[in-house]
Amino acid sequence: MIYLDHAATTPTAPEVRAAMEPYYNIRYGNASTPYEFGKQSREAVEHARNTIAETLQVQPSEIYFTSGGTESDNWALKATMEAYSNYGRHLITTEIEHHAIGNTCEYLKKRGFEVTELPVDRDGRISLEQLEHAIRPDTILASIMCANNEIGTIQDMKAIGQILKRRGVLFHTDAVQAYGQIPIDLAGWNVHLLSASSHKFYGPKGCGFLYMKQGLRTESMIHGGAQESGRRAGTENVPGIVGMAKAAEISYARMEETAAREQYLRDRLIHYICTQIPGAYLVGSEKDRLPGNLNICFQGIEASNLVLLLDEEGICVSAGSACNSASAKPSHVLKAVGLSDAQAFACVRITLGRNTTAGELQHTLAVLKRLVKMLKKG
Ligand code: PLP
């Protein structure tokens with residue numbers, strides 16, 4: 001199998017699995033129990049919190065463990081809007097957010113909050129002027145994703161943060177696709193809340209975290225016991241948390257090297273696809289893009305058919321985002337960057353990972369050439 005869908009999920013790294021193993025079968029104590037056996041689990045959780053905090057240069061007490069990106073996004077938006085609802089009821093976001101943000105905004109609208117969705121240009125970037133213009137006296141929060149999951153576009157986080165800081169608006173970013181892949185400068189970007197998900201950076205599934213800057217007055221997401229400083233109740237997923245921290249450590253240690261390698265392979269693949277397959281072109285930004293992401297429009301074909309045929313050849317890619325691939329509607333991201341329905345349905349997302357080889361991509365190119373020709377004939 002050739003796996004080219006790393007934006008959907010990544011394999012759990014062997015070092016990560018090894019780090020988790022003892023917390024299933026040897027040190028399985030509940031981290032909230034007072035005896036020595038439980039304390040070992042508590043220490044592992046706090047060590048993991050320190051590791052994650054170090055990657056972002058923040059205080060360990062500002063990291064809250066969750067069940068993944070979706071929960072972190074829900075928590076960030078609902079809790080902040082509720083906690084500051086006496087000051088205002090307006091939230092700014094973008095047209096290209098993941099459904100974890102988009103559908104949370106729909107929920108908030110039903111609760112009487114107002115949401116402005118900023119459009120994006122053909123590259124998938126918001127306009128700083130439009131952001132400035134969208135801010136109202138009652139704007140509490142802006143939730144703007146760091147990097148997009150479908151087209152890989154990276155926003156100008158520093159410039160966005162400067163505007164929000166000057167105008168007194170809290171800044172949340174969904175960094176689920178960015179964390180562990182590209183450098184994150186929380187202080188420089190003036191970010192107050194950040195969501196990340198372990199399975200996107202070679203950690204286990206069902207684990208993530210929310211960074212919440214000290215002093216923010218947010219509500220608890222899950223009510224119950226006193227875990228996570230009383231703000232997110234429930235027995236800690238110790239193996240998951242330990243595995244996520246190990247995955248973060250490895251991703252940060254190898255970030256520069258991995259990004260350079262993926263970017264090199266990606267740019268070659270883009271070049272060969274666009275020069276050797278008639279009607280194929282890159283969607284999104286050429287330069288402000290995640291290192292492993294390419295989204296190609298194969299004009300004149302149905303991407304869902306291409307994905308099925310590639311699957312038969314043992315190659316995993318995605319048509320639209322993972323969460324979109326079951327829906328018959330064109331992706332909201334591809335529509336937002338100006339594609340027609342037909343163009344959006346012709347797009348395939350290929351996302352490389354740290355183990356992707358040049359040989360795998362060569363083979364994929366050859367198969368793509370053959371299949372696209374066949375689908376065009378008919
Ligand atoms: N946000 C973005 C940008 C994503 O790509 C995803 C997953 O694809 C999520 C949020 C949801 O994360 P999780 O799968 O951990 O719930």
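Buried means under 20% relative accessible area, exposed means over 50%, and partly exposed lies in between. The views below show a predicted model.

**View 1. Serine 61 lies in the loop between α3 and β2.** The relative accessible area of serine 61 is 44%, so this residue counts as partly exposed. Glutamate 257 is 196 residues away from serine 61 along the chain, and the C-alpha atoms of the two are separated by 30 Å.

**View 2. Helix α3 covers residues 36-56.** This helix has 21 residues, which at 1.5 Å a residue should span 30 Å. The C-alpha atoms at its ends are 31 Å apart, in agreement with that figure. Among the buried residues of α3 are Gly38, Ser41, Ala44, Val45 and Ala48. Others further along α3 are also buried, including Arg49, Thr51, Ile52, Ala53, Thr55 and Leu56. The buried residues of α3 pack against the helices α2 (22-25), α8 (186-189) and α9 (238-253), and against the strands β2 (63-66), β7 (193-197) and β8 (208-212). After α3 comes glutamine 57, with a positive phi near 55°.

**View 3. Helix α5 covers residues 99-110.** With 12 residues at 1.5 Å a residue, α5 should span 16 Å, and its end C-alpha atoms are indeed 16 Å apart. Ala100, Ile101, Thr104, Cys105 and Leu108 are the buried residues of α5. Viewed down the axis of α5, they fall within an arc of 130°, so they line one face of the helix. An α-helix has 3.6 residues a turn, so residues three or four places apart point the same way. The buried residues of α5 pack against one helix, α4 (69-83), and against the strands β3 (90-94), β4 (114-118), β5 (139-143) and β6 (170-174). Glycine 112, which follows α5, has a positive phi near 95°.

**View 4. Three strands form an open sheet in the order β9-β10-β12.** The pairing in this sheet is antiparallel. Strands β9 (280-282) and β12 (347-351) stand at the edges with a single partner strand each, so one side of each has no neighbour in the sheet. From one strand to the next, the twist averages 30°.

**View 5. Strands β10 and β12 pair in the antiparallel sense.** Strand β10 consists of residues 293-298, and its pairing with β12 runs over 5 bridges. Asparagine 293 has threonine 351 of β12 as its bridge partner.

Terms used
Residues numbered from 1 in each chain as written. Predicted model: local features only at pLDDT ≥ 70, side-chain atom pairs only at ≥ 80, totals over all residues. Heavy atoms only, no water. Pairing = 2+ DSSP bridges. Helix = DSSP H or I, 4+ residues; strand = E, 2+ residues; numbered from the N terminus. Axes fitted to C-alpha atoms, helices over the stretch in contact; angles between N-to-C directions. Expected span 1.5 Å × (residues − 1). Buried < 20%, exposed > 50% of the residue type's maximum accessible area, 1.4 Å probe, protein only. Contact = heavy atoms within 4.5 Å. Arc of directions from axis to C-beta.
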